[in-house]
Amino acid sequence: MTPANPRPLHIACIMDGNGRWARRRGLPRTDGHTAGEEALAEVVRSAAHLKNIGWLTVFGFSTENWVRPRTEVRHILSLHRKLFSRTEEMNSNNARTRWIGRPFTDKGARTPVYVQKAITKAIADTAHNTGMAVTVAFDYGSRAELIRAAQRAMKEGVVSPESIERNLYDPTLPAVDVLVRTSGETRISNFMLWQIKGCAVYFTERTWPDFNAQELNEAVAVLTHRAA
Ligand code: IPE
Ligand code: IPE
Ligand code: MG
């Protein structure tokens, strides 16, 4: 039986295939990223309307992605400033912006100051909202997150599931219910290795810029199929 007020779900998306989306249209890869950022705004709106999604976490840029061509990286960075500046939309969706990734002061962290500022401002300007939490993983890598968590747990004197969990980038993030990856790839690519422990997965051939409300519904429905 379905409970009257089911626990809000945590959906995590590896937003892949922007480059392929662009190539199929004869466009530069950067146009694919631009379209991907717009698709994300649409998915956030749809997720906020679904009401049963409490957390939406998206992989925006990985610790491994810095090796991409400089012009592409620069474009992706400016798109993050854009997405972190959608405060009005987030407020009208009653959604909070959150971020996970390498702390800006970490050795090796490369997030430019203008993106740092956009992240900090977005979090502050949406903190009062009471609905869904939208977490953007930027300069995020699960191994770096887990090494840091383990080091901090050791300083506390006990390494246990609880102490690791307490020391993740965002300890308030619950376990992932459904992991989505677009564009036909079925890799995890160093994304939330701890948090995806028992999750369901939804892989789709569709590239990220074509991901929409209907696909989001199908991803959530994976859980119902599993329960049935
Ligand atoms: C995902 O799209 C966006 C990022 C990783 C930043 P890709 O850029 O990886 O697109 P493909 O995989 O080349 O199609
Ligand atoms: C994973 O996608 C990272 C993001 C979606 C930000 P990639 O396209 O970078 O992953 P790999 O390199 O194909 O595994
Ligand atoms: Mg890719």
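## A tour from the sheet outward

Begin by selecting Val180 in this predicted model, and then look across to β6, where Tyr202 is its bridge partner. Val180 and Tyr202 are one point of contact between two strands: β5, which covers residues 178–181, is joined to β6 by 4 bridges, and these two strands run parallel.

Next, widen the selection to the whole sheet to which these strands belong. The sheet is open and parallel in its pairing, and its 6 strands lie in the order β3-β4-β2-β1-β5-β6. If you colour the two edge strands, you will mark β3, at residues 96–100, and β6, at residues 200–203, each of which pairs on one side only. Turning the view so that you look across the strands, you can follow how neighbouring strands are turned against each other by 20° on average, with direction ignored.

Keep the sheet displayed and add residues 113–126, which form helix α5. This helix packs on the sheet, where it touches both β3 and β4, the latter at residues 133–140, and the direction of α5 makes about 140° with that of β3.

Now select the two cysteines Cys13 and Cys199. Why is there no disulfide at Cys13? The sulfur of Cys13 lies 11 Å from the closest cysteine sulfur, which belongs to Cys199, and this is too far for a bond, given that a disulfide requires the two sulfurs to be within 2.5 Å. Cys199 is likewise in no disulfide, and the structure as a whole holds 0 of them. Both residues can be checked with a surface switched on: Cys13 is buried, with a relative accessible area of 0%, while Cys199, at 16% relative accessibility, also counts as buried.

Finally, show the entire protein chain, which contains 8 helices and 6 strands. Tracing the chain along the sequence, you will meet these elements in the pattern β-α-α-β-α-α-β-α-β-α-α-β-β-α. The radius of gyration is 17 Å, close to the 17 Å that the globule rule gives for 228 residues, so the chain is as compact as a globular protein of that length. Its C-alpha atoms fill a box of roughly 55 × 50 × 35 Å along the principal axes.

With the surface still on, note that 50% of the 228 residues count as buried, and that the chain exposes about 11,600 Å², of which carbon and sulfur atoms supply 54%. Among the contacts between residues at least 6 apart in sequence, 73% join residues at least 24 apart.

Definitions and conventions: Residues numbered from 1 in each chain as written. Chains lettered and ligands numbered in written order. Predicted model: local features only at pLDDT ≥ 70, side-chain atom pairs only at ≥ 80, totals over all residues. Heavy atoms only, no water. Buried < 20%, exposed > 50% of the residue type's maximum accessible area, 1.4 Å probe, protein only. Pairing = 2+ DSSP bridges. Axes fitted to C-alpha atoms, helices over the stretch in contact; angles between N-to-C directions. Contact = heavy atoms within 4.5 Å. Rg over C-alpha atoms; globule rule 2.2 N^0.38 Å. Areas by Shrake-Rupley, 256 points an atom, 1.4 Å probe, with all protein chains shown as cover.
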